[in-house]
Amino acid sequence: MANGFFTDTTLCIGCKACEVACKQWNELPSDGLAFTGMSYDNTLRLSGTTWRHVAFVEDREVGTTIVNRWSMMSDVCKHCTHAGCMEACPTGAIIRNEFGDVYIQPDVCNGCGYCVPSCPFGVVDLIEPFKPSAAKAAEYNTATLDRERLSEGALQSHGGIAGKCTLCYDRQRLGFTPACAKACPTESIQFGNVDDLKARARKRVERLRERGVDAQLYGVDETTSVGDLNAFFLLTQPPEHYNLPARPVLPSTHQPAGYAAAALAAAALAVAGLAIFRGR
Amino acid sequence: MLAHPPSPDDAFTGAAGRRDNEPGPSYFEQPLLKRPHWGWNVIAYLFLGGIMGGTGLITMLAGRSSIPADRRLSRTAKFASLALAAINPPLLISHLGRPERFLNMLRIVKFKSPMSLGVWGLVLYSGAAGGNVLYELAEMRVAPRWLRIFAPPVLEPLQALLGAFTAGYTGVLISATAIPLWAKGKRHIPALSVCSGLAGACALNTILAIVSGNDEPVERLERLEAVAALAELTLLADFRRHAGALGKPMFEGKRGRRLRDFTAIGGIAIPLLLNVMGAVLPMPKSLRNARSVAASALTLLGGYVLRETFIEAGKTSAGDPHAAFRQPE
């Protein structure tokens, strides 16, 4: 039975504790200090070194009524039932682990980058190759264990490979809850057995609808080629508002048509070539 | 802006970042998908890998002919195949984030991953090309004649088959992704890769034949190239129609003009015209050969620009959230 996340956006307060907890536990470098002006979102997207991302959808008006409504969503790798990244990976570095989650083995990945365009959710990305300046490199040999060194030390082993949420594989193995779910103060992020989470989520949707909230589950009972998501969401707005595709497509479904077209073209040209080089 | 039919989502207004002239809801117009990281080395591989595959086909076609000049062409093509098979792995390895781990590609054979199959195709192709070169060296008495046992007769058609695969799989590889432009081209891009690969291979072998003083088969190579190039042009035009708004990054703007000038006109139409001129007009041999070399060089340039356009337009396509929200099935 797979473990996963149920992220309930109606409970999210946008505190970003999940982002911070994820960065700390996984020794991921900061995204720098930037001001985007896009609500309170200054990281904007998941990346090779940002594995939780809180989206801020700040509504100004709904229809003709001006309301002051917030909608925050902590985005994460979906750990798909049929994972595009895992199918694309030519080295077998991306596996489904014993907890049913999609995991990149950092010591196997060689950074070919094929998983990056193969994710229909745009989650996984390559981490910049680690190239410290000579002065920095010397510092690493002598410096004390400060926080920067720790996180850049992690980059040293992860530079140049693909990175995404591991669903805290290491913590799960120790029997701990993943860092983001543990840190979430409102239980907007819930961790557990996916079937249990789904049952809980359906009840939650029912209760919200009774109260007049237009709630829907994203990644549950899906009919898409990607299938259900081990990390699924409760949304109150159309998926696109949170930068989620309404109907994700598993890229490998394009392969049969592609191979057939290539074979047809090759066969036709070979026949033409045999006629031309027939000899006399 | 892309034109989209109104969706039920459009009834909802007022999401953050949404402006009146935008084609649908999005998250601050942020890209949904990540851009592929592939640069010049992957583009060069798509180009040279296609030529390598096409050259494998020429090896067999010319090798089966009863004309001695064709068999000489087949020999040249075998040497060219092996040379290309030697150039391609360094190109592929150099694009890896961890090049020292390139052998991890050979840990497994994965039928679901076109990249895995492609690597194995490349390995097997290199083996077949090596065997066929060994055979030719033995025939030329450069190497001991008994070495021919390493090149059974089946090796020639095998190299052609593997060549067709290596020329085509790159198209399957890029179209089996979530990038809207590439996914939309799931039939066109693989077929284009094969046609452009064979046209490029004809061009390269034309040049090699003329340089090696074996210009008799050039006329046949040019006829095969014309067939491949015409198919390529037809597929390009059909892809443009089929892709519609999703094809904008490839067919419009600066990149669209570059594709038109260097591939459609410079890489296909002008070489075709030059080939027809060569077949119809009487001209001295030196002029005829100069014309062939010029047409071939233009074909090769057009083939490179086509691959460059695929990759670069794919990056632009990945950056358009509205295209990515409507992922082609």
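**Exercise 1. Determine whether A:Pro129 is buried, exposed or partly exposed, and place it in the chain.**

Solution. A:Pro129 has 14 C-beta neighbours inside 10 Å and therefore counts as partly exposed. The scale calls a residue buried if 20 or more other C-beta atoms, placed from the backbone, lie within 10 Å of its own, exposed if 12 or fewer, and partly exposed in between. The model is a predicted one, in which local features need pLDDT of at least 70 and side-chain atom pairs count only at pLDDT 80 or more, whereas totals for chains, interfaces and linings use all residues. Residues are numbered from 1 along each chain as its sequence is written, and chains are lettered from A and ligands numbered from 1 in the order in which they are written.

Next, the position: A:Pro129 belongs to the loop between β6 and α4 (134-142) of chain A; helices (H or I, at least four residues) and strands (E, at least two) are DSSP runs, numbered from the N terminus. Apart from neighbours within four places in sequence, A:Pro129 contacts A:Gly159, A:Gly160 and B:Gly97, a contact being a pair of C-beta atoms, placed from the backbone, within 7 Å.

**Exercise 2. State how many residues each chain brings to the contact, and which element of chain A gives the most.**

Solution. Chain A brings 66 residues and chain B 74 residues. On the side of chain A that touches chain B, α9(A) gives the most, with 15 residues.

**Exercise 3. Describe how α1 and α4 of chain B pack.**

Solution. First, the geometry: helix α1 (residues 40-64) and helix α4 (residues 155-175) of chain B pack at an angle of about 155°, with axes 7 Å apart. Axes are lines fitted to C-alpha atoms, for helices over the stretch in contact, and angles run from 0 to 180 degrees between N-to-C directions. The angle makes α1(B) roughly antiparallel to α4(B), the term for angles over 145 degrees.

Second, the residues: B:Gly49, B:Gly53 and B:Gly56 are among those of α1(B) that meet α4(B), whose participants include B:Ala160 and B:Gly163.

Third, the surroundings: 21 of the 25 residues of α1(B) are buried, so this helix is largely enclosed by the rest of the structure.

**Exercise 4. Compare the settings of A:Cys168 and B:Arg141.**

Solution. A:Cys168 has a positive phi of about 40° although it is not a glycine, and phi of B:Arg141 is near 65°. A:Cys168 lies in the loop between β7 (162-163) and α6 (169-173) of chain A; B:Arg141 lies in the loop between α3 (114-139) and α4 of chain B. A:Cys168 is buried, with 25 C-beta neighbours inside 10 Å, whereas B:Arg141 is exposed, with 8.

Terms used
Contact = placed C-beta atoms within 7 Å. Parallel < 35°, antiparallel > 145°, perpendicular 65-115°, else oblique.
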